[in-house]
Amino acid sequence: MVEIKRPSPTDLLTIGEVVRRTGVAASALHFYERKGLIHTQRTEGGTRLYPRHVERRIAIIQVAKRLGIPLSEVAEQFQALPTDRMPSLRDWNRLNEHWRAKLTARQRELERLQSEMSQCIGCGCVSLSVCLVMNPGDVLGQDGQGARRLQPIEDERA
């Protein structure tokens, strides 16, 4: 009977294997490594070897990119994760809760902006004195830069 070895999160993979398994270009992996998002081991010859659990980090990076989370923030959050082992469920849940709050705030902000744009675009304003985008004589410029009548963007830390 042949015994099949089950993969372990600490098994080492070559860059080619990681590229094949994740669909991420080798140049992106090098970039992620330079930014401290993922970590490798090197052979005496300089070949990069990745622990199998790096695939999870790469998946999180890809999801974060799709959600518009900057890589600098991903790197900041990854600092709390272990590099020598696969992060625990508790580690991932902590990361998830942090981003869930940020994404919920961003979603509310986008809904508010969408509502304001729906009121503006093609509205055929009868009263330019209350229009959110009109600024006759640039009088609002005295109060500061930007669209002064639009509600300010919520502070993400709130």
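Reader: In what order do the three strands of the open sheet stand?

Author: This is a predicted model. Its open sheet has three strands, and their pairing is antiparallel. The order is S1-S3-S2.

Reader: Which strands stand at the edges of the sheet, and why is one side of each left without a neighbour?

Author: A strand with a single partner strand has one side without a neighbour in the sheet, and this holds for two strands here. They are strand S1 (12–14) and strand S2 (41–42).

Reader: How many bridges join S1 to S3, and which residue in S3 is the bridge partner of Thr-14?

Author: S1 and strand S3 (residues 48–51) run antiparallel and are joined by three bridges. Along this pairing, Leu-12 stands opposite Pro-51 in S3. The bridge partner of Thr-14 in S3 is Leu-49.

Reader: What residue in S3 is the bridge partner of Arg-42, and how many residues lie between S2 and S3 in their hairpin?

Author: S2 and S3 run antiparallel, with two bridges joining them. The bridge partner of Arg-42 is Arg-48 in S3. The turn of the hairpin contains Gly-46, whose phi is positive at about 90°. Between the two strands of this hairpin there are five residues.

Reader: Is Leu-13 buried or exposed?

Author: Leu-13 is found in strand S1. Not counting residues up to four places away in sequence, Leu-13 touches Val-18, Arg-21, Arg-48, Leu-49, Tyr-50, Arg-52 and Glu-55. The C-alpha atoms of Leu-13 and His-53 are separated by 9.8 Å, although 40 residues lie along the chain from one to the other. The relative accessible area of Leu-13 is 3%, under the 20% limit, so Leu-13 is buried.

Reader: At what angle do the axes of H1 and H2 cross?

Author: Two packed helices are described by the angle and the distance between their axes. For helix H1 (residues 15–22) and helix H2 (residues 26–34), the axes come within 9 Å. The crossing makes H1 roughly perpendicular to H2. The angle is roughly 105°.

Reader: Which residues of H1 and H2 meet, and how many of the residues in the contact are nonpolar?

Author: From H1 come Ile-15, Val-18 and Val-19, and from H2 come Ala-26, Leu-29 and His-30. By class, the contact of H1 with H2 has one polar residue and no charged residues. The nonpolar residues number five.

Reader: Is Gly-23 buried or exposed, and is Ala-25 exposed or partly exposed?

Author: Gly-23 lies in the loop between H1 and H2, and Ala-25 is found in that loop too. C-alpha to C-alpha, Gly-23 is 9.8 Å from Ile-58, with the two 35 residues apart in sequence, while Ala-25 is 9.4 Å from Ile-15, with the two 10 residues apart in sequence. Gly-23 has 64% relative accessibility and therefore counts as exposed. The relative accessible area of Ala-25 is 41%, so Ala-25 is partly exposed.

Reader: Which residues have the most contacts inside the largest nonpolar core?

Author: In soluble globular proteins, nonpolar side chains tend to be buried together. The largest nonpolar core of this model has 21 residues. Those with the most contacts inside it are Leu-29, Tyr-32, Ile-38, Val-74 and Phe-78.

Reader: Which element gives the largest share of this core?

Author: The elements that give two or more residues to the core are H2, helix H3 (54–66), helix H4 (71–78) and helix H5 (89–120). The largest share is four residues. That share comes from H3.

Reader: Which residues does Tyr-32 touch, not counting residues up to four places away in sequence?

Author: Tyr-32 is one of the residues with the most contacts inside the core. With residues up to four places away left out, Tyr-32 touches Val-24, Leu-37, Ile-38, Ile-61, Gln-62, Lys-65 and Leu-71.

Reader: What pattern does the protein chain follow along the sequence, and what share of its residues is buried?

Author: The protein chain has five helices and three strands, and read along the sequence they give the pattern β-α-α-β-β-α-α-α. Among contacts between residues at least 6 apart in sequence, 53% join residues at least 24 apart. Of the 158 residues in the protein chain, the buried share is 26%.

Technical notes
Residues numbered from 1 in each chain as written. Predicted model: local features only at pLDDT ≥ 70, side-chain atom pairs only at ≥ 80, totals over all residues. Heavy atoms only, no water. Axes fitted to C-alpha atoms, helices over the stretch in contact; angles between N-to-C directions. Parallel < 35°, antiparallel > 145°, perpendicular 65-115°, else oblique. Contact = heavy atoms within 4.5 Å. Nonpolar A, V, L, I, M, F, W, Y, C, P; charged D, E, K, R; others polar. Pairing = 2+ DSSP bridges. Core = buried A, V, L, I, M, F, W, Y, C linked by side-chain atoms within 4.5 Å. Buried < 20%, exposed > 50% of the residue type's maximum accessible area, 1.4 Å probe, protein only.
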